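Work through the exercises below with the sequence and the model side by side. Try each task before reading its solution.

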Amino acid sequence: MSVNTNAYHQIKNELSTSGVELVAVSKTKPNQDIIDLYEIGQRDFGENYVQELVDKAASLPQDIQWHFIGHLQSNKVKYIAPFVYLIHGVDSEKLLQEINKQAIKHNRVIHILLQVHIASEETKFGFDANSLMEFIQSGRWSQYQNIVIKGLMGMASFTEDMNQVINEFSSLSHLFQQVKNILPTTTFKTLSMGMSSDYAIAIQEGSNMVRIGSLLFGARDYAK
Ligand SMILES: *Cc1c(COP(=O)(O)O)cnc(C)c1O
């Protein structure tokens, strides 16, 4: 069995004391790995690729809560809109518009997180802090009636420099508090930050949702 159930129980244990939610990131992994974690109680799974998510959702238990954590193109929203539980990587108003449109079409309210660009790498996506605050303060978010903005999501730089990672998470946490002063606190609650290599730091800096893949499922093989 390639799923590390010991790591799963240990991580769940660590998270339970602080009430942090776990999204098990199963991208590139076979259905059987997901079932193995499902059978010991995990319901929240994260995927990065639309087609892979659609295929998995069709053949796995219906009560799985699917998180889309990758970069989402507007023209692919329609494929996941009927069933997705939470979209983490919303990084533009154009994408919000399309998600709202598809949510209306499917008579759903879709929950999303706004992605913020906190890393030094250009390759990562997200609003920068200023444009995020401009968008929140403008009130334009309230026109998307079939979307609920549940929180923020961010990824730290891929670096050995833990001080940099701390600073990046801390800046996102600070931004989260600022937005919280404006958006409805009944719904704006989730700060999704932290992966296998940095989740402990993320939690220290205020994360309440971590996205963990390789610690649970082993290293990914993208060559397949
Ligand atoms: C792949 C991925 C993860 C999980 O990464 P691990 O290092 O395997 O824990 C988390 N978040 C996002 C956005 C990802 O793309």
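The exercises that follow concern a predicted model, and each task has a worked solution.

**Exercise 1. The strands around Ile87**

Task: Find which residues stand opposite Ile87 in the paired strands, and decide whether strand S4 (residues 86–90) is buried or exposed.

Solution:
- Step 1. Begin with S3 and S4, which pair in the parallel sense over 2 bridges. Across this pairing, Phe68 stands opposite Ile87 in S4.
- Step 2. Go on to strand S5, which is joined to S4 by 3 bridges and also runs parallel to S4. Here Ile87 stands opposite Ile112 in S5.
- Step 3. Check the accessibility of S4. Buried means under 20% relative accessible area. In S4, 5 of the 5 residues are buried, so this strand is largely enclosed by the rest of the structure.
- Step 4. List the contacts of Ile87, leaving out residues up to four places away in sequence: Phe68, Leu72, Ile80, Ile99, Ile110, His111, Ile112 and Leu113. Both opposite residues, Phe68 and Ile112, appear in this list.

**Exercise 2. The nonpolar cores**

Task: State how many residues the largest nonpolar core has, and which of them touch the most other members.

Solution:
- Step 1. The largest nonpolar core has 61 residues.
- Step 2. Those that touch the most other members are Ile87, Ile99, Ile112, Leu114, Leu132, Leu152 and Leu216.
- Step 3. Look for the element that gives the most to this core: helix H7 (residues 162–180), with 6 residues.
- Step 4. Note a second, separate core of 5 residues, which includes Val23, Leu113, Met153 and Met209.

**Exercise 3. Strand S8 and Ser192**

Task: Work out which residues of strand S8 (residues 209–212) point the one way and which the other. Then find what the side chain of Ser192 makes a polar contact with.

Solution:
- Step 1. Recall a general point: in a regular strand the side chains alternate between the two faces of the sheet.
- Step 2. In S8, Met209 and Arg211 point one way, Val210 and Ile212 point the other way, and all of them are buried.
- Step 3. Find the partner strand. Strand S1 (residues 21–25) and S8 run parallel and are joined by 4 bridges; within this pairing, Arg211 is the bridge partner of Val23.
- Step 4. Locate Ser192 in strand S7 (residues 190–193). Ser192 counts as buried because its relative accessibility is 0%, below the cut-off of 20%.
- Step 5. The side chain of Ser192 makes a polar contact with the side chain of Arg211, at 2.9 Å. Beyond four places in sequence, Ser192 also touches residues including His88, Leu113, Met153 and Met209.

**Exercise 4. The ligand**

Task: Name the residues that come nearest to the ligand, and say how much of the ligand the protein buries.

Solution:
- Step 1. There are 13 residues around the ligand, and Lys27, Asn48, Ser196, Ser214 and Arg220 come nearest.
- Step 2. Take the distances to oxygen atoms of the ligand. A polar side-chain atom of Lys27 lies at 2.7 Å, one of Asn48 at 2.8 Å, and an N or O atom in the side chain of Arg220 at 2.7 Å.
- Step 3. The ligand taken alone exposes 390 Å², of which the protein buries 91%.

**Exercise 5. Loop residues**

Task: Where do Thr28, Asn107 and Ser74 lie, and are Asn107 and Ser74 buried or exposed?

Solution:
- Step 1. Thr28 is in the loop between S1 and helix H2 (31–39). Its phi is near 70 degrees, a positive value in a residue other than glycine.
- Step 2. Asn107 is in the loop between helix H5 (93–105) and strand S5 (110–116). Asn107 also has a positive phi, of about 55 degrees, although it is not a glycine.
- Step 3. Asn107 has 71% relative accessibility, so it counts as exposed, the cut-off being over 50%.
- Step 4. Ser74 is in the loop between S3 and helix H4 (77–80). With a relative accessible area of 17%, Ser74 is buried.
- Step 5. See what Ser74 is in contact with, leaving aside neighbours within four places in sequence: Lys94, Leu95 and Glu98.

How values were computed:
Residues are numbered from 1 along each chain as its sequence is written. This is a predicted model: local features need pLDDT of at least 70, side-chain atom pairs count only at pLDDT 80 or more; totals for chains, interfaces and linings use all residues. Side-chain values use heavy atoms; hydrogens and water are left out. A nonpolar core is a set of buried Ala, Val, Leu, Ile, Met, Phe, Trp, Tyr and Cys residues joined through side-chain atoms within 4.5 Å. Buried means under 20% relative accessible area, exposed over 50%, partly exposed in between (1.4 Å probe, protein chains only). Contact means heavy atoms within 4.5 Å. Two strands pair if DSSP finds at least two bridges between them. A residue is near a molecule or strand if one of its heavy atoms lies within 4 Å of it. A polar contact is a pair of N or O atoms within 3.5 Å; within protein, one must be able to donate a hydrogen and the other to accept it, and residues adjacent in sequence count only if both atoms are side-chain atoms. Accessible areas come from the Shrake-Rupley method with a 1.4 Å probe; for residues, only the protein chains shown count as cover.
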